Amino acid sequence: MDARLRRMKWRLSRPNWDHDHCEFCSAKLSNYEGDLHEGYTTDDEYNWICPKCFEDFREEFRWTVEPGAEPESGPPSSAPGDR
Ligand SMILES: [Zn+2]
């Protein structure tokens, strides 16, 4: 999967539809309490990935996050003190 993803609050994207599942772990995204309320999705909002799986697989799949969509946007190499 080579995709551009953006972090979004989950929302109804289709009629007669009230939830989606993470592509990898099947975590449920919906507006219901107890479910995930946001995740990463493709431009067409068809595939959803939960934040945990996004972190787990982002390097492996080389996902591109839409500019500005990511909260912390510092370059990865800007941490000289790497423990
Ligand atoms: Zn997941």
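## Contacts and overall make-up

Residues 24 or more positions apart account for 59% of the chain's contacts with a separation of 6 or more. The model is a predicted one. The chain has 83 residues, and 16% of them count as buried.

Its secondary structure comes to one helix and six strands. Read from the N terminus, the elements run β-β-β-β-β-α-β.

## Confidence

Mean pLDDT for the chain is 84. A value of 70 or more is reached by 78% of the residues. Strand β3, residues 28–30, has the highest confidence, with a mean of 96. Confidence is lowest in β6, where the mean is 91.

## The four-stranded sheet

Four strands form an open sheet in the order β5-β4-β1-β6, and the pairing is mixed. Why is one side of β5 and of β6 left without a neighbour in the sheet? Both strands stand at the edges and each has a single partner strand, so one side of each has no neighbour there.

Strands of a sheet pair through backbone hydrogen bonds, and the pairing may be parallel or antiparallel. Here, β1 (residues 4–9) pairs with β6 (residues 64–65) in the parallel sense, over two bridges. R4 has T64 in β6 as its bridge partner.

## From β1 across to β5

β1 and β4 (residues 38–41) run antiparallel and are joined by four bridges. R6 has T41 in β4 as its bridge partner. M8 is matched with G39 in β4.

β4 and β5 also run antiparallel, with two bridges joining them. T41 stands opposite W48 in β5. Y40 stands opposite I49 in β5. T41 is thus a point to follow across the sheet: R6 is its bridge partner, and W48 stands opposite it as well.

## The hairpin of β4 and β5

Six residues lie between the two strands of this hairpin. One residue of the hairpin, E45, takes a positive phi near 55°.

Y46 has its place in the loop between β4 and β5. Is Y46 buried or exposed? Y46 is exposed, because 11 other C-beta atoms lie within 10 Å and the limit for an exposed residue is 12 or fewer. Y46 and D20 are 26 residues apart in sequence, but their C-alpha atoms are 8.7 Å apart in space.

## The nonpolar core

Which residues make up the largest nonpolar core? There are nine: L5, W10, C22, L29, Y40, W48, I49, C50 and F54. Two members, Y40 and I49, stand opposite each other in the pairing of strands. Another member, W48, stands opposite T41.

C50 is also in the core. Leaving aside neighbours within four places in sequence, C50 is in contact with C22, C25, A27, L36 and G39. Among these, C22 is a fellow member of the core, and G39 is the bridge partner of M8.

## Two loops with positive phi

N16 is found in the loop between β1 and β2, residues 19–21. Phi of N16 is near 55°, a positive value in a residue other than glycine. N16 counts as exposed, because it has 5 C-beta neighbours inside 10 Å.

S26 belongs to the loop between β2 and β3. Its phi is near 65°, again positive in a residue other than glycine. How many C-beta neighbours does S26 have inside 10 Å? S26 has 10, so it counts as exposed.

## F24 and its contacts

F24 lies in the loop between β2 and β3. With 14 C-beta neighbours inside 10 Å, F24 counts as partly exposed. That number falls between the limits of 12 or fewer for exposed and 20 or more for buried.

Not counting residues up to four places away in sequence, F24 touches I49, C53 and F57. I49 is a member of the largest nonpolar core. F24 and F54 are 30 residues apart in sequence and 9.2 Å apart in space, C-alpha to C-alpha. F54 also belongs to that core.

Note on methods
Residues numbered from 1 in each chain as written. Predicted model: local features only at pLDDT ≥ 70, side-chain atom pairs only at ≥ 80, totals over all residues. Pairing = 2+ DSSP bridges. Core = buried A, V, L, I, M, F, W, Y, C linked by C-beta atoms within 7 Å. Contact = placed C-beta atoms within 7 Å. pLDDT = per-residue confidence, 0-100.
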